[in-house]
Structures are given as structure tokens and as C-alpha cells.
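Here's a quick tour for anyone who would rather look at sites than scroll through coordinates. Pull up the view and follow along.

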Amino acid sequence: VSTRRFLKGGSEELSRELDGRISAFEVKDCDLAGRTGALKVGSREVMTPALMPVVNPNLLEKGYPLTPFRLKEEFGFDIMITNSYMIRKNPDLSSRALELGLHRLLDFDGIIMTDSGTFQSYVYGGGGKNEVDVDPLEIVEFQRNIGSDIGTILDRFTTPDTDRQRADSDLRETMSRGSLSLEKKGQMELAVPVQGGLHLDLREEAGRLVREMGVRYSPIGGVVPLMESYRYAELVDVIISAKKGLGPSIPAHLFGAGHPMFIPLAVALGCDLFDSASYAKFAKDGRYLTMDRTRHLREMESFPCSCRTCSRMEPKEMLELPPLEREALLAEHNLWSLRAVMGEVRSAIREGTLWELVERSASFHPSLYEAVRHLGDRADFLEDNAPATTRRFMCSDLNLGICRPEFRRYRRSLCKNYRYPDADEMVLVKGTSGLRGTVGSRKLHSSFGRGSWVVVTTPIGPVPSELLDMYPPGQSVLPPIDSLPGEIRNEVENHVKAFSEGWAGPVRSADADSLSDDAVEKAPSGLDLHRIINVSRMQFGRETDLEIDRVLLGEYSDLSLLKERVVLRTSRRTGKVRNVLAVDGDKEEHILSLRAEDGHFTLKLAGGARLHHAGWPYRVTVDSETGEYNAMGYNVFCRFVLSAGECIRPGDEVLVVDPSGSLLAVGQARITGRHMVEGDSGVAVKVREGIKGK
Ligand code: GUN
Ligand code: ZN
């Protein structure tokens, strides 16, 4: 259980922190370690994941046609970034910026972030000292004085080849500048980047220090050289380490990551913001940007894009335009494709199909493919963050798909929580793709005798028939098991073997072809009860040793006894179980409902009370004052969460309790337990039922 640290001394500190704050970050939907959200700075807001175009203030002076005004009004970018160091170096720009403020100077009514000159010192200052002619505190004050929404400290850019000692001393310097700069920031939000080079322990420590300093926005810095040389696997480790330290509540910005190819993977690891200068830089070189690569305009016969720019002309016509006009049009197309990628990742998160997008992007470059495969060894991080269930699980390349957190979770949960049924024999059937569609569990069973218990072997592992509707097997579309690469196939076969050896009765194999088509619609005795037992054990037992089925349904020595005590209400249309009622004397209590979308249970208050009584760890403790509202059925907001189970993932059913531990409500977690405790904006638990009604 993690506990909010700063509340202990009374709520004074809390209210100061919240009332004085300038920005808020609210997470809405989660997928893998990625999320959609809203970043509010002052009165302005942007949906994340978001990309901010880099605006070169000197180019604007020269009449560059892609003005910030157009970026927002035509292209829909609600956030942009520019460089305060460049503005300050230009006396005319600098004095106008101080006089008008950035928003009027640039004519941009969205969020303006400014960078500090660190990158310039990396690019131009390489000769040893790695510094530009700017004072670290002065540049922060300057950003504040020109009205930047999010300023950036003058961090030390730590390159990937920096040795540990130097990376460490650079990091101390960056952190010390960070805390001094916080005192100068005024009403501006301040970004303190995570540096540390390739030293992962330093990256994690930097993230933690930034969070503990009370910083509310953090870029992951020093990564441009990794991206320029396609060192994506190392970049994955850098991001994961930084994110472990930062935690889920701080919006994370990947500094200088403008190529769309890497964006889905970076988002899946929890990056929320990106900046891109590439749209303009590429255009200057006559290059045309797409998701998978860049091409020179000269090499193109036709445009593979239907944006406003590309649908107006052919590459040849564009080539014939005067250079500046051509550059601007290319930049416009490049912006449209960046915008499209961001739209795609946001909707993938909402739909729960981010993995599918990451898998597609992996095919764009061998290094990216390796980086995604590399996630298989980083599964803990994904498991710490990924939702308990999503709506779809489609996978065309199992070399990559095997890295999905669901695989490991399912296998672990099957080993740990599954209870073998009483049956005469186990029938092992080789599964085809699209399990749910092709082999319904009733049909499977009616093809064999009443005493037979069917287990389908799938690329996910063995799936007992009563789990066929449950996520992930129930939502999965996978290649047939015969097409698996040798190594993975061995692993699956070993898992199936271990599973069948764990069962004492006889085992027989059968072909899927032997399933009869005219299956009788008659479930074998006890199949539905087995479903209740095992789905509840798998779903609610993930991080506990409680015998969940007994906690929910009462002690039983055999199924016939249990049958007396449980009433299953089935859907009239599909015949499937919908509601589970527990009989207690002459009272019936509705404890669970089975969701059609993912085959998981939703917890009713009476079921929650049983889990609560047994000490189930999926609980969220809230402030006693606001707890009153949760008891009446209102949602739990992050800022009122005092502690929460670390086992909680988005989508998990949870208990809401008051500081004395009494049950107030049941609901569904929107974010992880850690996020509930560290965050201070947004919904933590969607309350379904409170003890005082709704
Ligand atoms: N732009 C690209 N990388 C960096 C970085 O590490 N720090 C800062 N401040 N800006 C950057
Ligand atoms: Zn286009």
C-alpha cells in the first residue's frame, strides 16, 4: 500500500499546494503504460498525447508563412514551443517580447512552452565546457517575464557517451539549478528535465528527485543523439527508468522526438508530450515526412497522403514552385502527418489498441522492431501500469505479441489462481484463431461427454473452456498455434504440459475438426459454476492468496453444495450468465455481474462487502469528509485519496474505504494505485454503488 506523504502534517500544506498551482494533468484513458489526458496550464488546455511544433522566432521575423496563429487555427495545435535563448539573444525580439508578452508577440492563443538554451549549448558548445553564455537563473526569470506558460531550466545536456562520474555531477548541477529556479518561476510552470545519459540508475533517481522537488512537468532530456542514430532499444530503457522515478502523475515530455515512427512506442511507455522541429527542418531539405520514413520530393511520383496540401497538387508541380513557397507547403504536409499520428495514438488508447499500433510501427525500421522485442524483458514495467482489461487483443506477429503484458499476466494468474474442476477427463483441443468466434465453450463441451472438461491450447497458453469468454483469451485474434516460431511454440507447449500435469485425472487430445456441428445447446453440469469460480479467482485473486471464490460464495466442499447457495441469472437471448446472486438463508444478494464485453465481473456492493470483510487488498482509502460523497455514489478524485493498494491497475474493481477502514463504496479504478496517491487531479475511481445509495 502506498500512502500520500505530505498529508500527514494536516491539510494546510495540501491546500497551499493545490490552490497555488498553475497546471493540472488529468489522465482519462490508459493503455499499456500510455494514457490520454488533459494538461491545463492557467486557463488553457491541451489534450495529450500532444505534439508541439517548434517555432523558430528568427524565421518568423523573416516572414515564414507557417505562423503560430495558423498552427493553432488551421492545424489544430493547442501547444507550441519556442526558444527563449534565441529570443533573448536578439535585442529587438527580446524587447518586444518583454513589452508584449509571448502570446501577443507570436499571436498564439494556446499554451506556449519555452526552452532555455541547453540544446544550443549541446549543438554549438561541444568544445569542452558545454555551456552557453547565459546565466541559469536569469534565463528562467526571462522566460517568466515574457509570459511563457511552461519555462525550462538550463539543464546540463548529458550525452549517451558520458561516463558515470560526469553524468552524476551533471545531474547534481541540473537538480541544484532546478530547485533554485523553482524560487524564480512565479506564475509560470517550470519544466525540470531528467538527465543521466545511459546510466539507468541515475535516470530513475533524477525522475524521483524531480518528483520530490514538487515539479509538475518533466521532459526526458539528452535523448536526441539516441534518436538520430536509431538507438531505440537504449532509448526504451532510458524512458522506462525515467518514468519509474517520475511516476505516473507528472506529464512526461520526450525532448526532441519529432519523428512519427517512434511516437507510438514512446506513448506506450508513458510519454505524453513531444516537440518537433523536423517538420520544418525536413521541409527545408525538400523532404516529405510520413509515418514510416522521409523521402525527397524529387523521388516521388505521387503523394501517398490526402491532406489538404497533397490533394491540391502533384510532386512535380510542387518541385516547380519558388523555393520558399515549396518549403512552406512541404512543412504543411509534414505537420498534417504529425497531427494524424497524434490523432491515431490518442484514439488507439481510447479503444485499447495501442499495442496493435506499436506492432505496426515496429515494421518501419529494424531498430524499432528490436526495441519492441526488447520490451519482452521489460514486461514488469508494462505490467505495473497496463490496464486489467481492454477490448481487443489482436496480434499478427507473435514474436512481438509475446511481449504484451497480458501474456505474462494470464499465465501467472492461471498457475496461481486456477482451480481444476471435478471431471472425468481433460480433453485438449488445438485452438484456431479468433477463439471466441469459432469455438464457443458450450459447443466445445456438448461435443464431448458430460464428464469431459475441455482445454483449448492457444498461443496464449492453455485456455480452459470456462475462461474462453474472459479477457485476454476471449478478445484475442491470434495466428494459429502451428505457425508460432519454434521458441515461442516450445514455451507454449511446456506451459500446456505443466498445466495438464497439474491435474490428476486422465488427459486426451482431440482435433478441433472432431467438434460436432450440430452441437446440442446443453451445457455440461457445473460449467457455469466453474466459470464463476475461476473467473473470480483469476480476476480478483491477482495479488492475493485469498481463496476468492470461497470469500465471495461461502465455503463449500463440493459443487452440489455450492449449487444450493448460488443463483445464476442468465441472459434470455444468449443463455450466458449475467448476474450472480448468493443465497443466504431466505435472502438473495446480488454480488456480481458478468460483463459481455470482456467476460470480467463487475462488483456489486454486496460482493464488495464480502471481499472487504476478508481483507482484500484492492482498496482505496479516502479523506473522511469527501468519503461522504463517495458513499452517496459520487466518483473519487485523486486529490482526496490517502492511500491505495499498489496492486491496483486501471480497470480493476476496487473498494473505497474511509480512514478507519469502513467500506463506503465499490467502483472501477481509472488509474493505477500509485497514480491515485501521487496525483492530484482527475478521477481515481468511478464509483458504481455507495453504501448510501445511487
Ligand atoms: N532539447 C532537446 N534535448 C534537450 C535537453 O536535453 N534539454 C533541453 N533543455 N532542451 C532539449
Ligand atoms: Zn500530405
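The notes below go through the ligand sites and then a few backbone oddities.

## First, a caveat

Keep in mind that this is a predicted model, and that goes for the metal site and the ligand pocket alike.

## The zinc site

Start with the zinc ion (ligand 2). Which atoms hold the zinc ion? Three cysteine sulfurs do part of the job, the SG atoms of C305, C307 and C310, and the ND1 atom of H333 joins them. The distances run from 2.1 to 2.3 Å. Along the sequence, these donor residues follow the pattern C-x1-C-x2-C-x22-H.

As for geometry, the angles among the four donor atoms span 97 to 121 degrees, and the site is tetrahedral. For reference, ideal angles for four tetrahedral donors are 109.5 degrees.

Are C305 and C310 buried or exposed? C310 has a relative accessibility of 5%, so it counts as buried. C305 comes out at 23%, which makes it partly exposed, because the cut-off for buried is under 20%.

## The pocket around ligand 1

Now move over to ligand 1. Its surroundings are made up of D115, S116, T118, F119, T152, D155, F157, Q195, G221, G222, V224 and F255. Sorted by class, that shell holds four nonpolar, six polar and two charged residues.

Which side chains make polar contacts with ligand 1? On the nitrogen side, a side-chain N or O atom of D115 sits 2.6 Å from a nitrogen atom of the ligand, and D155 has one 2.8 Å from a ligand nitrogen. Q195 deals with oxygen instead: a polar atom of the Q195 side chain is 2.9 Å from an oxygen atom of ligand 1. How much of ligand 1 does the protein cover? On its own the ligand has 280 Å² of accessible area, and the protein covers 97% of that.

## Two residues to click on

G221, one of the residues around ligand 1, belongs to the loop between strand 10 (218-220) and helix 11 (224-228). With a relative accessibility of 1%, G221 is buried. If you want a sense of scale, try G221 and S367: they are 146 residues apart in sequence, and their C-alpha atoms are 21 Å apart in space.

Q120 is part of helix 7 (residues 118-124). Its relative accessible area is 11%, so Q120 is buried. Between the C-alpha atoms of Q120 and F262 there are 23 Å, with 142 residues separating the pair along the chain.

## Backbone oddities

Where are the cis peptide bonds listed here? One runs from T48 to P49, with omega near -5 degrees, and P49 is in the loop between strand 4 (44-48) and strand 5 (50-55). Another joins Y471 and P472, where omega is about 5 degrees. P472 lies in the loop between strand 18 (461-464) and strand 19 (476-477).

Positive phi values turn up too. L32 isn't a glycine, yet it has a phi of about 50 degrees; look for L32 in the loop between strand 2 (23-31) and strand 3 (34-41). L32 is buried, at 3% relative accessibility. D107, also not a glycine, has a positive phi near 60 degrees and sits in the loop between helix 6 (102-106) and strand 7 (111-115). At 44% relative accessibility, D107 is partly exposed.

Conventions
Residues are numbered from 1 along each chain as its sequence is written. Chains are lettered from A and ligands numbered from 1 in the order in which they are written. This is a predicted model: local features need pLDDT of at least 70, side-chain atom pairs count only at pLDDT 80 or more; totals for chains, interfaces and linings use all residues. Side-chain values use heavy atoms; hydrogens and water are left out. Donors are N, O and S atoms within 2.8 Å of the metal (3.2 Å for Na, K and Ca); water is not among the atoms, so sites may look incomplete. Four donors count as tetrahedral if all angles lie between 85 and 135 degrees; four count as square planar and six as octahedral if opposite donors are over 155 degrees apart and all others between 65 and 115; anything else is irregular. Buried means under 20% relative accessible area, exposed over 50%, partly exposed in between (1.4 Å probe, protein chains only). A residue is near a molecule or strand if one of its heavy atoms lies within 4 Å of it. A polar contact is a pair of N or O atoms within 3.5 Å; within protein, one must be able to donate a hydrogen and the other to accept it, and residues adjacent in sequence count only if both atoms are side-chain atoms. Accessible areas come from the Shrake-Rupley method with a 1.4 Å probe; for residues, only the protein chains shown count as cover. Ala, Val, Leu, Ile, Met, Phe, Trp, Tyr, Cys and Pro count as nonpolar, Asp, Glu, Lys and Arg as charged, and the others, Gly among them, as polar. Helices (H or I, at least four residues) and strands (E, at least two) are DSSP runs, numbered from the N terminus.
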